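Subject: Structure handover

Hi there,

Here is the structure I promised to pass on to you. Please open it beside this email, and I will go through what I found in it.

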Amino acid sequence: MSKQVQVHAALFLVALIYGSNYSIAKEVMPFYVGPFGLIVIRVVSAALFFGIFSRMVVKEKIVGRADNLRSVACGVTGIAINQLCFFAGLNLTVPINAALLMVISPVAVLLFSAILLRERVSFRKVSGIALACLGALLLINTSRGESTTGNIFGDLLIILNAVSFGMYLVLVKPLMQKYKAVTIVSRIFAVGAVIVVPFGWQQLLTPDYSSFPTPIWLAIAFMVIAVTILAYLLNTWALRYANPSLVGAYIYLQPVLAILIATGFGKDEFTLQKGLYALLIFAGVYLVSRTRQNVGKKEPIPETSEQP
């Protein structure tokens, strides 16, 4: 299997995991665990796992003031702000609004890549982003149903989450040219854990965990192992061989996969119209991936990598 195929397979698996999470997370929160309490479980568990694994197996350290500051910035944007704003926003607005606003993230990636990494923004790449965005907007619009109103503050939090994650994808790219993926995620989850614990500590202590049925524990395990640990590790690894814009473009696949998963459980209906909109999203991702990505090869560290 070529490196290019491995990268796309990793990014598709991440999109599949995140697409599944929309349905699975709803089974857990807020009835069993509050959103911030669930964040603490996920982030702290991942921080402990990656911390132990990194020290015992990888044994690599981030060195230099610039790289250490950048890794802290990645923990703030990619874990703390991203997680807290998403779940707080989802708690205030309707899920369809959250899914709709999440498509802002690849646009943020494109802008931050041009500003921070001096990445060339080609017409083809812009066209791919626009095409995928159009497909996502049309697809989500067909699934609105009766839930068309959302809290404006919740919507703003989702936008902040999307922009923050887009910035994270750009900030972490230079670090991936120097360090292993496990080393990076170990640091960013450690930083994120320190920030999210004060927000979710009370919600963490409130539930009666002994009353949780087995399916809920399995759902929590999925969110910790797959959504938190595996997805972040695969995303970070993929950034070693692909531009942030490609990683961000795969966010557009999440609504498609979420609807397919919901259809499989009888919670939604897949129509020809939705299939056509899904094709627009795949076409957009293809255009982005066919730009000057150098997928499969490590890219040179940009001159701006010394700035946090």
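To begin with a question: does Phe50 count as buried or exposed? Phe50 counts as buried, because its relative accessibility is 1% and the cut-off for buried is under 20%. Please keep in mind that this is a predicted model.

**Overall make-up**

The protein chain has 12 helices and 0 strands, so you will meet nothing but α elements when you follow the order from the N terminus: α-α-α-α-α-α-α-α-α-α-α-α. Of its 308 residues, 56% are buried. Contacts between residues at least 6 apart in sequence are mostly long-range: 92% of them join residues at least 24 apart.

**The nonpolar core**

The largest nonpolar core holds 89 residues. Val28, Tyr168, Ile184, Ile188, Phe189 and Ile220 have the most contacts inside it. The element that gives the most to this core is H9, with 12 residues. As general background, nonpolar side chains tend to be buried together in soluble globular proteins.

Val28 is a good place to start looking. Beyond its neighbours within four places in sequence, Val28 is in contact with Val33, Leu38, Ile216, Ala219, Ile220 and Met223.

**Helix H9**

Helix H9 covers residues 214-238. How far apart are its end C-alpha atoms? They are 33 Å apart, which agrees with the 36 Å that 25 residues should span at 1.5 Å a residue. H9 also has a kink of about 30 degrees, centred on Leu230.

**Aromatic pairs**

There are 14 aromatic pairs in the count. In one of them, the ring centres of Phe49 and Phe50 are 5.2 Å apart and the planes stand at 70 degrees, so this pair is edge-to-face. Phe50 is the buried residue from my opening question, whereas Phe49 is partly exposed, with a relative accessible area of 41%.

Phe189 and Tyr232 form another edge-to-face pair, because their planes are at 75 degrees, with the centres 5.1 Å apart. Phe189 lies in helix H8 (residues 181-205) and Tyr232 in helix H9, so the pair ties together parts that are 43 residues apart in sequence. Both rings belong to buried residues: Phe189 has a relative accessible area of 1%, and Tyr232 is at 2%.

Ring pairs also join these four residues to others, giving a cluster of Phe49, Phe50, Phe53, Phe165, Tyr168, Phe189 and Tyr232.

**Ile79 and Leu110**

Ile79 is in helix H3 (residues 65-92) and counts as buried, at 0% relative accessibility. Its C-alpha atom is separated by 6.7 Å from that of Phe189, although the two residues are 110 residues apart along the chain. Not counting residues up to four places away in sequence, Ile79 touches Val43, Cys74, Leu84, Ile188, Phe189, Gly192 and Tyr232. Phe189 and Tyr232, the pair described above, are thus both among the residues that Ile79 touches.

Leu110 sits in helix H5 (residues 104-116) and is buried, with a relative accessible area of 10%. Which residues does Leu110 contact, leaving aside its neighbours within four places in sequence? They are Val121, Lys125, Val126, Ile129 and Ser245. The C-alpha atoms of Leu110 and Gly166 are separated by 8.3 Å, with their positions 56 residues apart along the chain.

**Cysteines**

How many disulfides are there? The count comes to 0 disulfides. Cys74, one of the residues in contact with Ile79, is buried at 0% relative accessible area. Cys85 also counts as buried, at 10% relative accessibility.

**Backbone details**

Two spots in the loops deserve a look. Met29 and Pro30 are joined by a cis peptide bond, with omega at about 0 degrees. Pro30 lies in the loop between helix H1 (3-28) and helix H2 (35-58).

The other spot is Lys59, in the loop between H2 and H3. Phi of Lys59 is near 55 degrees, which is a positive value in a residue other than glycine. Is Lys59 buried or exposed? Lys59 counts as exposed, because its relative accessibility is 65% and the cut-off for exposed is over 50%.

Best wishes

Note on methods
Residues numbered from 1 in each chain as written. Predicted model: local features only at pLDDT ≥ 70, side-chain atom pairs only at ≥ 80, totals over all residues. Heavy atoms only, no water. Helix = DSSP H or I, 4+ residues; strand = E, 2+ residues; numbered from the N terminus. Expected span 1.5 Å × (residues − 1). Bend = angle between axes of the 7 residues up to and from the residue. Disulfide = S-S within 2.5 Å. Buried < 20%, exposed > 50% of the residue type's maximum accessible area, 1.4 Å probe, protein only. Core = buried A, V, L, I, M, F, W, Y, C linked by side-chain atoms within 4.5 Å. Contact = heavy atoms within 4.5 Å. Phe/Tyr/Trp six-rings, centres within 6.5 Å; stacked < 30°, edge-to-face > 60°.
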